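Hi everyone, thanks for making time. I'd like to walk you through a structure that's probably new to most of you, so let's put it up on the screen.

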Amino acid sequence: MRRRFPPAGNGRGFTLIEVLVALAILLAGVVAIVQLFPVSLRAHTDAALKGTAALLAHEKVEEIRRDRDRQSRIIQEIENRHAPTDPIVWPLDERLTYSYSGESLFSSNDTPGDPRDDVNVARVIVRLAQDFDPDQRVVYELRFDR
């Protein structure tokens with residue numbers, strides 16, 4: 001007995017063109033996802049670093065408030081500084097350093113009505129360590145009062 005094969009073009013399969021178009025669409029989607037992955041990873045890393053920097057700044061402010069004397073001389077000395085103190089590497093994350101200043105490093109101009117750049121306000125400034133970033137980019141700046 002002889003076997004009979006169904007006639008070609010009966011709609012039960014895919015043509016080579018259809019397969020190639022489907023693969024091209026799939027490949028475009030995969031490439032888009034792969035390109036977003038490094039951006040997402042970088043954003044996550046930056047957010048984690050800023051969170052750590054905020055923790056460090058708040059920790060240093062609380063240490064100063066805890067150790068101040070009745071005349072708040074430590075805070076007054078920081079307020080009067082026009083240049084930041086030498087950066088100190090934070091032992092819990094050696095990528096970060098902290099220093100103190102009475103002026104903002106984000107903005108050198110005192111804009112009226114904007115308290116962020118006021119002069120003679122004590123600040124903890126958190127920067128990237130020189131070994132990690134030669135420019136020592138400022139990551140976080142926290143103002144605090146007496």
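Before anything else, one bit of vocabulary: when I say a residue is buried, I mean its relative accessible area is under 20%, exposed means over 50%, and partly exposed is in between. Take valine 119 as a test case: its relative accessibility is 36%, so it goes down as partly exposed. Keep that scale in your head, since I'll come back to it.

And please remember that what you're looking at is a predicted model.

Okay, the overall layout. The protein chain has two helices and four strands, and if you read along the sequence you get α-α-β-β-β-β. Now, how spread out is the protein chain next to a compact globule? The radius of gyration is 29 Å, while the globule rule gives 15 Å for 146 residues, so the chain is more spread out than a compact globule. You can see it in the box around the C-alpha atoms too, roughly 110 × 35 × 25 Å along the principal axes.

A few whole-chain numbers. Buried residues come to 26% of the 146 in the protein chain. The accessible surface is about 10900 Å², and carbon and sulfur atoms hold 57% of that. On charges, we have 20 positive and 22 negative side chains, with the centres of the two sets 14 Å apart. And if you take contacts with a separation of 6 or more, 50% of them link residues 24 or more positions apart.

So what's on the inside? The largest nonpolar core has 19 residues, and Leu96, Val124, Val126 and Phe144 have the most contacts inside it. Two or more residues each come from α1 (16-67), α2 (73-79), β2, β3 and β4. Which element gives the largest share? That's α1, with six residues. Zoom in on phenylalanine 144 for a second: beyond its neighbours up to four places away in sequence, it touches a whole list of residues, including Val61, Ile64, Ile75, Ile78 and Val124.

Next, the loop between β2 and β3, where I've picked out three residues. Valine 119, our test case, sits there. Setting aside neighbours within four places, valine 119 is in contact with Gly102, Glu103 and Asp110. Its C-alpha atom is 9.4 Å from that of arginine 81, and those two are 38 residues apart along the chain.

Asparagine 120 is in that loop as well. Its phi is near 65°, which is a positive value in a residue other than glycine. On our scale, asparagine 120 is partly exposed, at 40%.

The third pick is serine 104, also in the loop between β2 and β3. Buried or exposed, what would you guess for serine 104? It's buried, with a relative accessible area of 10%. Leaving out residues up to four places away, serine 104 touches Arg116, Asp117, Arg123 and Glu141. Between serine 104 and arginine 137, which are 33 residues apart along the chain, the C-alpha separation is 13 Å.

Last stop: glutamine 136, in the loop between β3 (123-128) and β4 (138-143). Here's another positive phi, about 50°, and again the residue is not a glycine. How does glutamine 136 score on the scale? The relative accessible area is 21%, so it counts as partly exposed; remember, buried would have to be under 20%. Apart from its neighbours within four places, glutamine 136 is in contact with Pro87, Arg127, Leu128, Ala129 and Gln130. Glutamine 136 and arginine 95 are 41 residues apart in sequence, and in space they're 9.9 Å apart, C-alpha to C-alpha.

If you take one thing home, make it the picture of a chain that's more spread out than a compact globule, with a largest nonpolar core of 19 residues. Thanks, that's it from me.

Methods:
Residues are numbered from 1 along each chain as its sequence is written. This is a predicted model: local features need pLDDT of at least 70, side-chain atom pairs count only at pLDDT 80 or more; totals for chains, interfaces and linings use all residues. Side-chain values use heavy atoms; hydrogens and water are left out. The radius of gyration is taken over C-alpha atoms; the globule rule is 2.2 Å times the number of residues to the power 0.38. Buried means under 20% relative accessible area, exposed over 50%, partly exposed in between (1.4 Å probe, protein chains only). Contact means heavy atoms within 4.5 Å. Accessible areas come from the Shrake-Rupley method with a 1.4 Å probe; for residues, only the protein chains shown count as cover. Lys and Arg count as positive and Asp and Glu as negative; His and the chain ends are not counted. The place of a charge is taken as NZ of Lys, CZ of Arg, CG of Asp or CD of Glu. A nonpolar core is a set of buried Ala, Val, Leu, Ile, Met, Phe, Trp, Tyr and Cys residues joined through side-chain atoms within 4.5 Å.
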